[in-house]
Amino acid sequence: MSAHRSPLGWQGRAAIITGAASGIGLALARALAARGVDLAIADIDTDALEAARAELAATGRRVIARRVDVSDDEDVRAAAAAFDVALGPVHLLFNNAGIDLSGRLDALSLAEWQRGFGVNVFGVVHGLRHFLPLLRRHGGRAQVVNTASGAGFWVHADAAMGAYAATKFAVVAISEALEHELAGTPVGVSVLCPGPVATGIAARSDRASALLRDSIAAGTAPETVATLVLDAIERDDFYVFTPTRMADGVRRRSERILDAIARVPA
Ligand SMILES: NC(=O)c1ccc[n+]([C@@H]2O[C@H](COP(=O)([O-])OP(=O)(O)OC[C@H]3O[C@@H](n4cnc5c(N)ncnc54)[C@H](O)[C@@H]3O)[C@@H](O)[C@H]2O)c1
């Protein structure tokens, strides 16, 4: 249900990116700066954030950097107020910050569950609560991009990533609902569902399996992901995938569900 919205254009637009100090978020920031987009970059890692700010500001774009914990509603509310003043109209929102939540369901502590859902799910919720109104208020063309994962459609049997997948299934569902709710408005919605991407996400995790570490080390370059995302925004595409081998797993899961539905007595 692509809405066939008018092209957004890049030059002179403004974007908010969470988790922008490294990985996919930083690659998005670099790609946007190269197209003439002003940036508000948010991250919890202040050293990496300052390095990103300095690099991006050298492109000549306006760059505002702020330490934000996306799992904290008040932190995100205050950031939205500050970005509003400093940036002016915002056209792009990337709810991208996320963390690994590897581990068997029976091994994860309650604090780990809460942290994972706090960042990966409530980070997006807080972004929609406080950043999205900035995109809607000016009444012009804008786009929200939520970063989910290929794991938002399919639970790998051997990766012990069910809890992470649960957070990303939630992001996919929130994004699908948001697409319905913003139909007929100039604000498009995309959901980025990457396969493995070569970032530091597994290195930042205490629990990432060797399987995950290896697949991420061999993953798609973040710069390639950023290009796919920007191309998708230009087309107002909803689902944005990156190279992945998940098609068979998703097909098996979908067929299993459809078979179960078909077996329900009339
Ligand atoms: N790398 C992959 O293989 C892969 C695959 C699918 C989805 N993703 C998703 O892509 C997104 C970006 O991940 P990445 O691979 O670039 O990882 P990354 O670790 O390189 O970057 C994530 C950034 O988010 C920041 N961050 C973490 N917690 C935060 C918080 N509470 N508030 C603000 N910032 C916070 C980190 O400091 C880091 O700079 C995440 O949502 C991740 O789940 C990654």
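## Salt bridges along a helix

Let's start with one residue: Arg251 is partly exposed, with 44% relative accessible area. Keep in mind that this is a predicted model. Arg251 has a salt-bridge partner in Asp248, with N and O 3.0 Å apart. Asp248 is partly exposed too, at 44% relative accessibility. Both sit in helix H10 (residues 247–262), and because they are three residues apart there, about one helical turn separates them.

You'll find a similar arrangement in helix H3 (residues 73–87). There, Arg77 and Glu74 form a salt bridge whose closest N and O atoms are 2.7 Å apart. These two are also three residues apart in their helix, so about one helical turn lies between them. Arg77 is partly exposed at 39% relative accessibility, and Glu74 is partly exposed with a relative accessible area of 44%.

## A link between two helices

What does the side chain of Asp84 meet in a salt bridge? The partner is Arg137, at 2.8 Å from N to O. Asp84 belongs to H3 and Arg137 to helix H6 (residues 132–137), so this pair ties together parts that are 53 residues apart in sequence. Asp84 is partly exposed, at 22% relative accessibility, whereas Arg137 is exposed, at 57%.

Counting across the model gives 14 salt bridges. Another spot to look at is a network of salt bridges linking Asp38, Arg61 and Arg62.

## A covered strand

Asp38 also takes us to strand S2, which spans residues 38–43. Is S2 mostly covered or mostly open? It is mostly covered, with six of its six residues buried. Asp38, Ala40 and Ala42 point one way, while Leu39, Ile41 and Asp43 point the other. That back-and-forth fits a general pattern: in a regular strand, side chains alternate between the two faces of the sheet.

## The strands on either side of the story

S2 pairs with strand S1 (residues 14–18) in the parallel sense, over five bridges. One of the matches to look for is Thr18, whose bridge partner in S2 is Ala42. To get from S1 to S2, the chain passes through helix H1 (residues 23–34), making a right-handed β-α-β crossover.

S2 is also joined by five bridges to strand S3 (residues 63–67), and these two run parallel. Here Ile41 stands opposite Ala65 in S3. Helix H2 (residues 46–57) completes a right-handed β-α-β unit with S2 and S3.

Conventions:
Residues are numbered from 1 along each chain as its sequence is written. This is a predicted model: local features need pLDDT of at least 70, side-chain atom pairs count only at pLDDT 80 or more; totals for chains, interfaces and linings use all residues. Side-chain values use heavy atoms; hydrogens and water are left out. Buried means under 20% relative accessible area, exposed over 50%, partly exposed in between (1.4 Å probe, protein chains only). Helices (H or I, at least four residues) and strands (E, at least two) are DSSP runs, numbered from the N terminus. Two strands pair if DSSP finds at least two bridges between them. A crossover is right-handed if, with the strands pointing away from the viewer, the path from the first strand over the helix to the second runs clockwise. A salt bridge is a side-chain nitrogen of Lys or Arg within 4 Å of a carboxyl oxygen of Asp or Glu.
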